[in-house]
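Student: Could you take me through one part of this model in close detail, and then work outward to what surrounds it? I would like one connected account, with the cut-offs behind each term.

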Amino acid sequence: MGVPTLGCHCAVCESLDAHDKRMRPSVLLSYGERNVVIDTTPDFRSQAMRTRIDRLDAVIYTHGHADHILGLDDIRPFNLKQKGVIPIYAAEETLSTLRRQFAYIFDPTPTGNLLPGVKLHPIDGPFEVFGLKIVPVPALHGPQPVLGFRFGSAAYLTDFSRVPEASSKALLQGLDDFILDALRYIPHPMHSNVEQSLALVEELKPKRAWFTHICHDLGHVETNLRLPPGVQLAYDGLKFEVKI
């Protein structure tokens with residue numbers, strides 16, 4: 001829902017700490033002259049302006065929920081500037097959601113309006129985006145399958161409640177940086193909580209872990225003081241280098 005959460009006046013929502021102002025989670029991969037975004041949240045326009053993105057080369061989707069796809073329409077300025085379509089990579093189920101939720105983009109009827117220009121690519125295994133190898137990491141978001149992604153020495157796994165033992169955990173070995181869902185302290189049927197995510201970090205042993213998809217139950221400073229060494233809450237604007 002983002003933090004502050006609408007209509008809430010808890011200590012975190014009223015916090016003056018900039019780290020407690022959280023847009024919906026997304027990741028920008030910048031390498032060479034390329035910019036690739038994982039998920040276009042409803043806050044995508046603000047995120048792109050804050051980060052001063054001058055071009056967008058591709059979008060990768062974890063799944064088709066509203067807080068991860070609803071910023072798709074805001075790619076239009078990049079279509080104009082770059083004079084071309086932008087490739088979209090997602091599981092077939094997510095592509096079906098995009099076709100349904102953004103039906104006007106795929107309607108062949110001519111229109112005088114500028115529409116987002118996209119080319120859809122189904123994910124059915126590891127793939128390359130302008131030379132960068134992306135390895136999909138299947139997980140479960142409650143009953144729904146979702147994808148995390150490994151790129152070089154880092155991995156991004158948001159919106160999950162369970163990681164399949166054999167197949168997916170093998171893809172998450174030897175990480176320098178692991179960005180993963182940790183919604184709150186209280187258990188949730190669709191999301192990993194702090195205790196579950198700490199257990200996964202202890203099992204996989206990345207050098208650093210960053211908790212994301214955080215609700216207003218977790219204040220930045222207070223929570224970080226309770227986390228073990230090498231584990232911290234992610235925050236809007238966090239940047240670090242990754243070996244690819």
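Tutor: Strand 2 (residues 34-38) is a good place to begin, and its pairing with strand 3 (residues 58-60) is parallel, with 3 bridges joining the two. The model is a predicted one, in which local features need pLDDT of at least 70 and side-chain atom pairs count only at pLDDT 80 or more, while totals for chains, interfaces and linings use all residues. Residues are numbered from 1 along each chain as its sequence is written, and side-chain values use heavy atoms, with hydrogens and water left out. Strands (E, at least two residues) and helices (H or I, at least four residues) are DSSP runs numbered from the N terminus, and two strands are said to pair if DSSP finds at least two bridges between them.

Within this pairing, valine 36 has alanine 58 of strand 3 as its bridge partner, and valine 36 itself belongs to strand 2. With a relative accessible area of 1%, valine 36 is buried, where buried means under 20% relative accessible area, exposed means over 50%, and partly exposed lies in between (1.4 Å probe, protein chains only). Leaving out residues up to four places away in sequence, valine 36 touches Val27, Leu28, Leu29, Tyr31, Ala58, Ile60 and Val129, a contact being heavy atoms within 4.5 Å. By contrast, isoleucine 186 is 150 residues from valine 36 in sequence and 33 Å from it in space, C-alpha to C-alpha. The burial extends along the strand, since 4 of the 5 residues of strand 2 are buried, so strand 2 is largely enclosed by the rest of the structure.

Strand 2 also pairs with strand 1 (27-31), and here the two run antiparallel, joined by 5 bridges. Valine 27 stands opposite isoleucine 38 of strand 2. The hairpin that these two strands make has 2 residues between the strands, and glycine 32 takes a positive phi near 60° there.

Beyond strand 3, the pairing passes to strand 4 (residues 86-90), which is parallel to strand 3 over 2 bridges, with isoleucine 88 of strand 4 as the bridge partner of valine 59. Taken together, 5 strands form an open sheet in the order 1-2-3-4-5, with mixed pairing. Strand 1 and strand 5 (118-122) stand at its edges, each with a single partner strand, so one side of each is left without a neighbour in the sheet. The twist averages 20° from one strand to the next, where axes are lines fitted to C-alpha atoms, for helices over the stretch in contact, and angles run from 0 to 180 degrees between N-to-C directions.

In the loop that follows, between strand 2 and helix 1, sits aspartate 43. Aspartate 43 has a relative accessibility of 16% and therefore counts as buried. Apart from neighbours within four places in sequence, aspartate 43 is in contact with Met23 and Arg24.

Strand 1 leads on to the largest pocket, for strand 1, helix 1 (44-51), strand 9 (154-157) and strand 11 (208-212) each supply at least two residues of its lining. On a 1 Å grid over the protein atoms alone, a pocket is an open set of points where a 1.4 Å probe fits, with protein on both sides within 12 Å along at least five of seven lines, and lining residues have an atom within 4 Å of a point. The lining comprises 48 residues, and Ser26, Val27, Leu28, Tyr235 and Leu238 lie nearest the centre of the pocket. By class, 27 of the lining residues are nonpolar, 12 polar and 9 charged; Ala, Val, Leu, Ile, Met, Phe, Trp, Tyr, Cys and Pro count as nonpolar, Asp, Glu, Lys and Arg as charged, and the others, Gly among them, as polar.

Two of the lining strands, strand 9 and strand 11, belong to another open sheet, in which 7 strands follow the order 6-7-8-9-10-11-12 with mixed pairing. Strand 6 (127-129) and strand 12 (231-233) form the edges of this sheet, each having a single partner strand, so one side of each lacks a neighbour in the sheet.
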